[in-house]
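Okay, thanks everyone, I'll keep this short. I'd like to walk you through one model, and I'll begin with the cysteines before I get to the ligand.

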Amino acid sequence: MPPSESSPADVDLSVQLGRLALPNPILVASGTFGYAREMEQLVDLDRLGGIIPKTITRLPRPGNAPWRTVEASSGLLNSIGLDNDGIDAFLEHHLPYLARLQSPLIVSIAGRSHDEFVAMAAKLAGFSGIDAVELNISCPNVSGGVDFGTDPELCGKLVAGVRGSCDLPILAKLTPNVTSIASIAEAAAAAGADALSLINTVLGMAVDWRQRRPLLGNVLGGLSGPAIKPIALRCVYQVSQAVDIPLVGIGGIATIDDVMEFLVAGASAVQIGTANYYDPAVSMKLLDQLPAAVASLEATRVASVVGSLQRADAPPAAPPASSAT
Ligand code: SIN
């Protein structure tokens with residue numbers, strides 16, 4: 001092997017999201033992986049770069065009326081409505097299991113108000129085994145769920161409030177359902193977010209025309225899966241041009257090519273979401289394939305691939321020496 005070419009075995013997979021260090025950039029997205037225990041027979045949970053369980057709220061929520069999911073072309077519409085047992089049940093029943101895992105644990109929270117978000121984050125900070133919080137300010141399926149993700153001022157105040165009351169690293173999960181995601185990102189970054197997760201689902205709808213009825217009980221829902229990947233890539237790219245904090249890409253990621261596209265476009269890590277439903281072990285496959293993909297760019301660290309996108313008019317990179325015929 002020529003000395004300039006890197007070997008997959010030598011690739012450093014670790015990435016840094018502000019104050020949060022991850023062993024690798026392959027995370028599983030909130031709402032698509034339960035509380036991880038459900039997946040233990042299928043996934044080596046300790047290998048994951050991070051686990052983000054289903055969003056929790058202060059009080060238990062029964063969620064929205066059925067139907068809550070509908071398949072769409074290359075995607076999935078959901079309107080779950082943040083069905084969960086609440087923060088106390090999470091701390092009592094799920095945290096002890098999750099905290100024993102090697103993988104970093106990022107707890108996703110949603111509050112109905114500024115003060116509720118802040119109080120939940122402060123409560124979590126009192127427990128060991130939690131590595132970061134993800135502020136879900138982007139759920140389209142509950143009343144007020146996107147208020148903090150669509151108004152830069154509210155978003156900034158919220159992130160600052162959480163930062164002031166909780167010493168855990170903070171990720172803010174942003175919605176694409178805005179005119180300018182970059183301006184929301186700038187507000188979150190200025191207020192002290194360690195990283196931004198983007199994107200949450202794209203607002204959509206499904207109709208049964210024969211019955212003349214919407215298919216989702218809540219009428220509207222959030223679209224995820226491969227259908228939204230180009231939108232997510234666009235958001236990662238645009239936000240990477242606007243802020244200096246790390247980004248976590250989410251949206252239709254299912255293959256190693258998808259992962260690499262997000263890294264090159266500016267994401268330091270990715271979350272696997274909808275693909276977990278049809279291939280629960282997909283994250284393990286991506287982890288197996290990642291070192292070779294990084295090495296194929298003659299890089300020895302994932303971090304050095306992040307944001308390495310060239311301008312469209314730049315000359316193409318020379319092929320690695322080993323692929324020359
Ligand atoms: C839901 O529970 O409705 C989905 C969660 C989300 O989109 O953040």
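So, start with cysteine 235: its relative accessible area is 0%, so that residue is buried. Keep in mind that this is a predicted model. Now, does cysteine 235 have a partner, or where is the closest cysteine sulfur? That would be in cysteine 155, 14 Å from the sulfur of cysteine 235, and that's too far for a bond.

Next up, cysteine 139. With 7% relative accessibility, cysteine 139 counts as buried too. Its closest cysteine sulfur is again in cysteine 155, but the gap is 16 Å, so a bond is ruled out by distance. The cut-off here is 2.5 Å between the two sulfurs. Go by that rule and you end up with zero disulfides.

Cysteine 139 also brings us to the ligand, since that residue is part of the shell around it. Who else is there? The shell also includes Lys54, Asn78, Ile80, Gly81, Leu82, Asn136, Pro140, Asn141 and Asn200. Sorted by type, you get four nonpolar residues, five polar and one charged.

And where does the ligand sit? In the largest pocket.

Let's look at its oxygens. One ligand oxygen is 2.7 Å from an N or O atom in the side chain of asparagine 141. For asparagine 136, again through a side-chain N or O, the distance to a ligand oxygen is 2.8 Å. With leucine 82 it's the backbone: a polar atom there is 2.8 Å from an oxygen of the ligand. As for cover, the ligand taken alone exposes 260 Å², and the protein buries 92% of that.

That's my tour, happy to take questions.

Key: Residues numbered from 1 in each chain as written. Predicted model: local features only at pLDDT ≥ 70, side-chain atom pairs only at ≥ 80, totals over all residues. Heavy atoms only, no water. Near = heavy atom within 4 Å. Polar contact = N/O pair within 3.5 Å; in protein donor to acceptor, adjacent residues only side chain to side chain. Areas by Shrake-Rupley, 256 points an atom, 1.4 Å probe, with all protein chains shown as cover. 1 Å grid on protein atoms, 1.4 Å probe; cavity = no way out; pocket = protein on both sides within 12 Å on 5 of 7 lines; lining within 4 Å. Sits in = over half its atoms within 2 Å of the grid points. Nonpolar A, V, L, I, M, F, W, Y, C, P; charged D, E, K, R; others polar. Buried < 20%, exposed > 50% of the residue type's maximum accessible area, 1.4 Å probe, protein only.
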